[in-house]
Amino acid sequence: MVTFPISGVETYWWLPVLVAFVVSLVTSTGGVSGAFILLPYQVSILGFTGPAVSPTNLIFNIVAIPSGVWRYWREGRIVWPLAWLIVIGTLPGIFLGAMIRIRFLPDPRSFKLFAACVLIYIAVRMIHAVFAHSSSQSNNEQQTSNRFTVSKASFNWRALIYDFDGQSYSISTLRIVILCVIVGVVGGTYGIGGGAIIAPFLISMFRLPVHSIAGATLFGTFATSVAGVAFYWMLGGYYSGSEIEIVPDWQLGLLFGVGGALGMYVGARIQRFAPARAIKILLAGCLLFIAGGYVIGFFRG
């Protein structure tokens, strides 16, 4: 058993690695890092409930995501204009979200209720992505080839355009940026970077194929996680000496990150063969189960 000094968590050193590997293996196929599942694990199972759990979760993103992004880049499946729009939009929101977490949600009970709302929302969006356009998605799946590469990607102030698997896609630049700002606030507060929220929107609202947006959302989550950890670290100096612990637990975050890096690489490698619909339904069920426990615990006091 190992005791981590900042978080006070006591567990086996290999357990965070194993949990992060399994979670990232599944979630990375949908373009999300798995941080939205690892945070409830830290809060409910490991007992890490203070504000420092949010930047610790972001450290997981920083360590884990590059392996998945590298794999998607090698396969030519990153829409770089989309990735940079996600970064530009979410960065301001991340900073505001960090302040909300520290000033208004330091109490574990209140934070669990907020976390439950976020998890329920993500689950609903995932379910919507599965069933809302099932017929058109089925047709697209039948027409797809093995040319899973992104080409002709460009954007201006009006639209982002790219080709993928023989089809052309166009989305509003302004709508993407506005969405990312809102997502950044939620992601910075919760400590997930925002990719878990953006990906379901891109799939269900903008009708983009999951195989084309996964790399971009992971890269955006990585960049905003770096900024989020830096901001929490600076705030840690401001709040030093207080009862609130804000500085991330680097040792615990790195262990999660190592397992996540391995799982994300394998997940990115097998994504084109994975049944995305089944994965989304499974994830949505897990999220609703966790969120239900948080809601019940909140009202029971």
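Contact means heavy atoms within 4.5 Å. Helices (H or I, at least four residues) and strands (E, at least two) are DSSP runs, numbered from the N terminus. The model is predicted, so to speak of local features requires pLDDT of at least 70 and side-chain atom pairs count only at pLDDT 80 or more, while totals for chains, interfaces and linings use all residues. Residues are numbered from 1 along each chain as its sequence is written, and side-chain values use heavy atoms, with hydrogens and water left out.

**Exercise 1. Describe how helix 2 packs against helix 3.**

Step 1. Which residues meet? Ala35, Leu38, Leu39, Gln42 and Val43 of helix 2 are in contact with Val53, Ser54, Thr56, Asn57, Phe60 and Asn61 of helix 3.

Step 2. The residues of this contact divide into 6 nonpolar, 5 polar and no charged. Here Ala, Val, Leu, Ile, Met, Phe, Trp, Tyr, Cys and Pro count as nonpolar, Asp, Glu, Lys and Arg as charged, and the others, Gly among them, as polar.

Step 3. Helix 2 (residues 35–45) and helix 3 (residues 53–74) pack at an angle of about 140°, and their axes are 10 Å apart. Axes are lines fitted to C-alpha atoms, for helices over the stretch in contact, and angles run from 0 to 180 degrees between N-to-C directions.

Step 4. Helix 2 is therefore oblique to helix 3. Angles under 35 degrees count as roughly parallel, over 145 as roughly antiparallel, 65 to 115 as roughly perpendicular and the rest as oblique.

Step 5. The two helices, helix 2 and helix 3, cross in a right-handed manner. A crossing is left-handed if the near helix is turned anticlockwise from the far one by less than a right angle, and right-handed if clockwise.

**Exercise 2. Characterise the packing of helix 5 with helix 8, and the surroundings of helix 8.**

Step 1. The axes of helix 5 (residues 108–131) and helix 8 (residues 195–204) come within 9 Å and cross at roughly 25°. Helix 5 and helix 8 are therefore roughly parallel to each other, and their crossing is left-handed.

Step 2. From helix 5, Val118, Tyr121, Ile122, Arg125, Met126, His128 and Ala129 meet Ala196, Ile197, Pro200, Phe201, Ile203 and Ser204 of helix 8. By class, this contact has 10 nonpolar, 2 polar and 1 charged residues.

Step 3. How many residues of helix 8 are buried? The count is 10 of the 10, so helix 8 is largely enclosed by the rest of the structure. Buried means under 20% relative accessible area, exposed over 50%, partly exposed in between (1.4 Å probe, protein chains only). Among the buried residues are Gly195, Ile198 and Leu202.

**Exercise 3. Work out the arrangement of the sheet that contains strand 4.**

Step 1. The sheet is open, has 3 strands in the order 3-4-5, and shows antiparallel pairing. Two strands pair if DSSP finds at least two bridges between them.

Step 2. Which strands lie at the edges? Strand 3 (150–155) and strand 5 do, as each pairs on one side only. On average, neighbouring strands of this sheet are turned by 10° against each other, direction ignored.

Step 3. Strand 4 (residues 159–164) and strand 5 (residues 167–172) pair in the antiparallel sense over 6 bridges. One of the bridge partners is Ile171 in strand 5, matched with Leu160.

Step 4. Strand 4 and strand 5 form a hairpin with 2 residues between them.

Step 5. Helix 4 (residues 80–104) lies across strand 3, strand 4 and strand 5, and runs at about 45° to strand 3. Helix 7 (residues 173–190) also packs on the sheet, touching strand 3, strand 4 and strand 5, with its direction at about 65° to that of strand 5.

**Exercise 4. Compare the settings of Asp165 and Arg207.**

Step 1. Asp165 lies in the loop between strand 4 and strand 5, whereas Arg207 lies in the loop between helix 8 and helix 9 (210–238).

Step 2. Phi of Asp165 is positive, near 55°, in a residue other than glycine. Arg207, not a glycine, has a positive phi of about 60°.

Step 3. Is each residue buried or exposed? Asp165 is buried, with a relative accessible area of 8%; Arg207 counts as exposed at 55% relative accessibility.
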